[in-house]
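Work through the exercises below with the sequence and the model at hand. Try each task before reading its solution.

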Amino acid sequence: MKKTFLILMLALAVTAAFAQEEEEQDWRQELRRHEVGIGIGDPCLAMLYRPYNSPYINVASPDNTWFTTNRYYHGPYYTTCPLTFHYLFRVTKFLWLGGNFSYCGVYAKRYGMDDRYQIGYMNEHYVTVLQTIRFSYLNKKYVTLYSGLGTGFTLGVVPETDGPFHLYSVNCYPAIQVTAFGVSAGDNWYGYTEVGAGYNGFIRAGFGYRFNREKK
């Protein structure tokens, strides 16, 4: 009786192991494991890294240098918004690991205080590198739902001196991006939208390509 029970338990264990291996092999054959993508986000939180208390687009008035001893002021500020590139590798069906690279530029014309003629430009550059983890809780061939977290640093290249010609300083800041909800749609080529908080913005959208699906 005991031998029969042990044989039965062993058979069930072997069957479960084969079933798990088959299920694992099924998602590897069905789902892509590599993903690259580009996108653009809103610059609201990215502008917190700026050394000035001016909005990222200011069309109403010049910045606060108007009230200082500086003999110039800036016109409206414009930004590229955070432009992003990411790569992710699917470790398991639900877990992805990878990285995110982004760039954001801020630009404005500079005018002389006395004659109001343009005397130069102001430009700032911010580069962010994040290591990223993603959890995808819905994995279909054409739809993926996920959340994620990225941590890393931002390098800010900003003007250090005043005037039409100035030196630049490089500053390093901690950076984070939380993706509360993300959805991507498509097979090889896909589009995506994310909602969260961090350097890449509250909302980010873009498109990308997935590849290297294993063949049967």
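The exercises treat a core, a loop residue, aromatic rings and strand pairing.

This is a predicted model, in which local features need pLDDT of at least 70 and side-chain atom pairs count only at pLDDT 80 or more, while totals for chains, interfaces and linings use all residues. Residues are numbered from 1 along each chain as its sequence is written, and side-chain values use heavy atoms, leaving out hydrogens and water.

**Exercise 1.** List the residues of the largest nonpolar core and find which strand supplies the largest share.

Solution. A nonpolar core is a set of buried Ala, Val, Leu, Ile, Met, Phe, Trp, Tyr and Cys residues joined through side-chain atoms within 4.5 Å. Buried means under 20% relative accessible area, exposed over 50%, and partly exposed in between (1.4 Å probe, protein chains only). The largest such core has ten residues, among them Met-47, Cys-104, Met-122 and Tyr-126. Strands E5 (95–112) and E6 (118–139) each supply at least two residues of this core. The largest share, three residues, comes from E5. Strands (E, at least two residues) and helices (H or I, at least four) are DSSP runs numbered from the N terminus.

**Exercise 2.** Place Thr-80 in the chain and find its contacts.

Solution. Thr-80 lies in the loop between strand E3 (78–79) and strand E4 (83–90). With a relative accessible area of 26%, Thr-80 is partly exposed. Leaving aside residues up to four places away in sequence, Thr-80 touches Ile-40, Tyr-103, Cys-104, Gly-105 and Tyr-107; contact means heavy atoms within 4.5 Å. Thr-80 and Cys-104 are 24 residues apart in sequence, yet 5.8 Å apart in space, C-alpha to C-alpha. The side chain of Thr-80 also reaches the backbone nitrogen of Gly-105 at 3.0 Å.

**Exercise 3.** Is the aromatic pair of Tyr-209 and Phe-211 stacked or edge-to-face?

Solution. Rings of Phe, Tyr and Trp (its six-membered ring) pair if their centres lie within 6.5 Å; planes under 30 degrees apart count as stacked, over 60 as edge-to-face and the rest as tilted. The structure holds three aromatic pairs. In the pair of Tyr-209 and Phe-211, the centres are 6.2 Å apart and the planes 15° apart, and the pair is stacked. Ring pairs link these two residues and Trp-189 into a cluster.

**Exercise 4.** How many bridges join E6 to E7, and in which sense do they pair?

Solution. Two strands pair if DSSP finds at least two bridges between them. E6 and strand E7 (residues 143–159) pair in the antiparallel sense over 14 bridges. A hairpin joins E6 to E7 through three residues. Tyr-126 stands opposite Gly-156 in E7.

Key. A polar contact is a pair of N or O atoms within 3.5 Å; within protein, one must be able to donate a hydrogen and the other to accept it, and residues adjacent in sequence count only if both atoms are side-chain atoms.
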